[in-house]
Amino acid sequence: MTNLNEDLFASVDEYIHALFVVHDEALQAALDDSIAADLPTIHISPNQGKFLYLMALLSRARTILEIGALGGYSAIWMARALPADGRLITLEHNPKHAEVARANIARAGLSDRVEVREGSALDLLPQLVNEQAGPFDMVFVDADKMPYTEYLDWSIRLAHPGTLIIADNVVRGGQVLDAQATDESVVGVQRFNAALAVDERVEATIIQMVGLKGHDGLSICVVR
Ligand code: DHB
Ligand code: MG
């Protein structure tokens, strides 16, 4: 496995990007303004954005829930797969991130379809259940890692049979293998993966990924 190195993975990621991703003004400006506003640079990569866009198309999503908006970059990707009367709700805890996300989504011309809800997801998710905002056709979880298991549980409550639930960062450079891990984000994801694997309400697996974001992975889950 001598050929495997991070530079090569990043270069191949850029090669795929050059072939398959049209990174237009709205997407680039969303990233540029997120950096200008000092948001952490932990957004999904352009190829992962294209992947989520494809998953939204494949699931014929009319309603999408995102947990963790950051600067709205992933929301723009997924919302572009929605029909004109589709709807995406994205939850964001950090007021500054929510403000940047709203501006990025507005510039992308998606404000009619996308709502950024500000607050703690563990407060907002029960509200979504109460107001019968679901069921959502697709859910993307990409927020703080410790409550990932709870986010999964709420996502399933807001789902219907066939809903696609994808979660980011479930491999973490292989740190998920470390049974002695103390890093909260690793422990949170280990807990999530273990719960996902035995949850009888879903069928699931994990795809590990390499590229511009190093070595990580997405869990893919379909609600029964
Ligand atoms: C982190 C969070 C993410 O969602 C991500 O994709 C990469 C890193 C982090 O908190 O370190
Ligand atoms: Mg992430």
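Asp168 and Asn169 are both buried, and they make a handy way into this predicted model. The two residues turn up among the neighbours of ligand 1 and again among the protein donors of the magnesium ion, ligand 2. From there, the tour moves on to the strands, since Asp168 also belongs to the stretch of strand E5, residues 159-168.

**The magnesium ion (ligand 2)**
- Three residues supply the protein donors here: Asp142 through OD, Asp168 through OD and Asn169 through OD1.
- Those donors lie 2.0 to 2.1 Å from the magnesium ion.
- Along the chain, the donors are spaced as D-x25-D-N.

**Around ligand 1**
- The shell is made up of Ile42, Asp142, Lys145, Asp168, Asn169, Arg172 and Lys213.
- Sorted by character, that shell comes out as five charged residues, one polar and one nonpolar.
- Lys213 reaches in with its side chain, where an N or O atom sits 2.5 Å from an oxygen atom of ligand 1.
- Asn169 also uses its side chain, with a polar atom 2.7 Å from an oxygen atom of ligand 1.
- Ile42 takes part through its backbone instead: a polar atom there is 3.2 Å from an oxygen atom of the ligand.
- On its own, ligand 1 has 290 Å² of accessible area, and the protein covers 68% of that.

**Strand E7 and its partners**
- E7 spans residues 214-223, and it's largely enclosed by the rest of the structure because eight of its ten residues are buried.
- One partner is E6 (residues 202-211), which runs antiparallel to E7 and is joined to it by ten bridges.
- Within that pairing, Gln208 has Gly217 as its bridge partner.
- E6 and E7 form a hairpin, with two residues in between.
- Another partner is E5 (residues 159-168), also paired with E7 in the antiparallel sense, this time over five bridges.
- To find a spot where E5 and E7 meet, look for Ile166, which stands opposite Ile220.

**Strands E1 and E2**
- E1 (residues 63-67) pairs with E2 over five bridges, and here the sense is parallel.
- Thr63 stands opposite Arg87 of E2, which gives you a place to start tracing the pair.
- E2 covers residues 87-92 and is mostly covered itself, with five of its six residues buried.

How values were computed:
Residues numbered from 1 in each chain as written. Chains lettered and ligands numbered in written order. Predicted model: local features only at pLDDT ≥ 70, side-chain atom pairs only at ≥ 80, totals over all residues. Heavy atoms only, no water. Near = heavy atom within 4 Å. Polar contact = N/O pair within 3.5 Å; in protein donor to acceptor, adjacent residues only side chain to side chain. Areas by Shrake-Rupley, 256 points an atom, 1.4 Å probe, with all protein chains shown as cover. Nonpolar A, V, L, I, M, F, W, Y, C, P; charged D, E, K, R; others polar. Donors = N, O, S within 2.8 Å, 3.2 Å for Na, K, Ca; no water. Buried < 20%, exposed > 50% of the residue type's maximum accessible area, 1.4 Å probe, protein only. Helix = DSSP H or I, 4+ residues; strand = E, 2+ residues; numbered from the N terminus. Pairing = 2+ DSSP bridges.
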